[in-house]
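Work through the exercises below with the model open in your viewer. Try each task before you read its solution.

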Amino acid sequence: MNLEQLVRPNIWALEPYSCARDEFKGMNARVFLDANENPYNDPINRYPDPLQEKLKERLAPLKHVRPSQIFLGNGSDEAIDLVYRIFCNPGKDNVVAIAPTYGMYKVCADINDVEYRSVPLTEEWQLDPKALLAAADAHTKVIWICSPNNPTGNDFPRETIHEVLTSFDGIVVIDEAYSDFSAQQPFRDILDNYPNLIVLNTFSKAWASAAIRLGMAFASEEIIGLFNKVKYPYNVNLLTQEKASALLGDYALIDGWLAQIRREREHVLPALSELPIVLKVFPTDANFVLLRVTDANRIYRYLIEQGIVVRNRHRVQLCNGCLRITIGTRQENNELLGALRFYK
């Protein structure tokens, strides 16, 4: 893979903004008079580490990568947007993605004036690598794959993703936002095998920290260098970095949450399948389940009236009549099931 040929020429030649904390790397300074900061209200008066180096050092062994292979951003959406800004020439290049899938891939394509080509999954929600590759042409810079996929919830077999990775000359992004709920080995574990691979992950799902807005991207040092070149200087604030660091110090707690969600998933899915209003419960490897029901719009409105919010996916491509339901606590799940049992 020739990375320079994939990157927009203006991005490859870009001289990134050099902020005060980039220029200072020493450890012995006591007086900071370089960044026009207010000297009061320590520590939030100071700009945060622009590259989040301490946090990456702690995160790397958990994700089986090197710190230099990590990009941290304001949610995964920042990393998604940066992929377009780095690799795709507006009005000229295109990307290919599966359908249905996470909606921000298309939103960011539209914002960046990049053609978005969607390839439908099979009736069993499976990825067809040959169809995905056939949709690409000389101007296709990126292929998007979400696994476990949102909203379908299922993993794609590793061999089908491997076929795309080894057959496509551009960038392949695998969004593993829900991989911690799955038994399948994540691709970030074998990142070094694929120089064209970018893997996304997030603190919003398994780490139960959607409010701190911290997303992760894993890739080669060269690709991460491009992310760091294009991102805004202080894209992850100090409070987010501190909260994430505290979470990394209590991984046993996170592991317990994951185990409980998996147990609840095994409790909820059979109970849903027994309901007469549920036509099909689709297999899931995530912390949510997609189900086809007799009347998605009416059941959605009924649940809202009961104070229960689920996601109506009826209008999403191939998801006609479907609701997406997140796995909650035992009490929340029982409230949902009880409400659905009384639906008429």
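The exercises cover the sheet, the helices across it, backbone exceptions and salt bridges. The model is predicted.

**Exercise 1. The sheet**

Task: Find the strand order of the seven-stranded sheet, and state which strands are its edges.

Solution:
- Step 1. Trace the order: β1-β7-β6-β5-β4-β2-β3. The sheet is open and its pairing is mixed.
- Step 2. Look for strands that pair on one side only. These edge strands are β1 (70-73) and β3 (115-120).
- Step 3. Take the twist. From one strand to the next it averages 20°.

**Exercise 2. Strand directions**

Task: For β2 with β4, do the strands run parallel or antiparallel? Repeat this for β1 with β7, and for β6 with β7.

Solution:
- Step 1. Take β2 (residues 94-99) and β4 (residues 140-146). They run parallel and are joined by four bridges. As a landmark, N94 stands opposite T140 in β4.
- Step 2. Take β1 and β7. Four bridges join them, and they run antiparallel. Here G73 has G215 of β7 as its bridge partner.
- Step 3. Take β6 and β7. Their pairing is antiparallel, again over four bridges. L200 has A217 of β7 as its bridge partner.

**Exercise 3. Two faces of one strand**

Task: Decide which residues of β7 lie on each side, and whether those faces are covered or open.

Solution:
- Step 1. Start from the rule. Side chains in a regular strand alternate between the two faces of the sheet.
- Step 2. Sort the residues. G215 and A217 are on one side, M216 and F218 on the other.
- Step 3. Check burial. All four of these residues are buried, and both faces of β7 are covered.

**Exercise 4. Helices across the sheet**

Task: Which strands does helix α4 lie across, and which does helix α6 lie across?

Solution:
- Step 1. Take α4 (residues 53-63). This helix lies across β1, β6 (197-202) and β7 (215-218). Its angle to β1 is about 120°.
- Step 2. Take α6 (residues 104-111). This helix lies across β3, β4 and β5 (171-175). Its angle to β3 is about 155°.

**Exercise 5. Backbone exceptions**

Task: Locate the cis peptide bonds at P43 and P148. Then place Q52 and L318, which have positive phi.

Solution:
- Step 1. Check D42 and P43. The bond between them is cis, with omega about 5°. P43 sits in the loop between α3 (20-23) and α4.
- Step 2. Check S147 and P148. Their peptide bond is also cis, with omega about -5°. P148 belongs to the loop between β4 and α8 (158-167).
- Step 3. Turn to Q52. Its phi is near 50°, and the residue is not a glycine. Q52 is in the loop between α3 and α4. Its relative accessibility is 1%, so Q52 counts as buried.
- Step 4. Turn to L318. Its phi is about 70°, positive in a residue that is not a glycine. L318 is in the loop between β10 (311-312) and β11 (322-326). Its relative accessibility is 39%, so L318 counts as partly exposed.

**Exercise 6. Salt bridges**

Task: How many salt bridges does the whole structure hold? For the pairs K141 with D93, K130 with E163 and R265 with E266, give the distance and the burial.

Solution:
- Step 1. Search the whole structure. The count is 13 salt bridges.
- Step 2. Take K141 and D93. Their closest N and O atoms are 3.1 Å apart. K141 lies in β4 and D93 in the loop between α5 (75-87) and β2, so the pair ties together parts 48 residues apart in sequence. K141 is buried at 9% relative accessible area, and D93 is buried at 3%.
- Step 3. Take K130 and E163. The N to O distance is 3.2 Å. K130 lies in helix α7 (residues 129-134) and E163 in helix α8, so this pair ties together parts 33 residues apart in sequence. K130 is exposed at 56%, whereas E163 is partly exposed at 25%.
- Step 4. Take R265 and E266. Their closest N and O atoms are 4.0 Å apart. R265 is buried at 10%, whereas E266 is exposed at 55%.
- Step 5. Look for shared partners. Salt bridges join R66, D192 and E221 into one network.

Technical notes. Residues numbered from 1 in each chain as written. Predicted model: local features only at pLDDT ≥ 70, side-chain atom pairs only at ≥ 80, totals over all residues. Heavy atoms only, no water. Pairing = 2+ DSSP bridges. Helix = DSSP H or I, 4+ residues; strand = E, 2+ residues; numbered from the N terminus. Axes fitted to C-alpha atoms, helices over the stretch in contact; angles between N-to-C directions. Contact = heavy atoms within 4.5 Å. Buried < 20%, exposed > 50% of the residue type's maximum accessible area, 1.4 Å probe, protein only. Salt bridge = Lys/Arg side-chain N within 4 Å of Asp/Glu carboxyl O.
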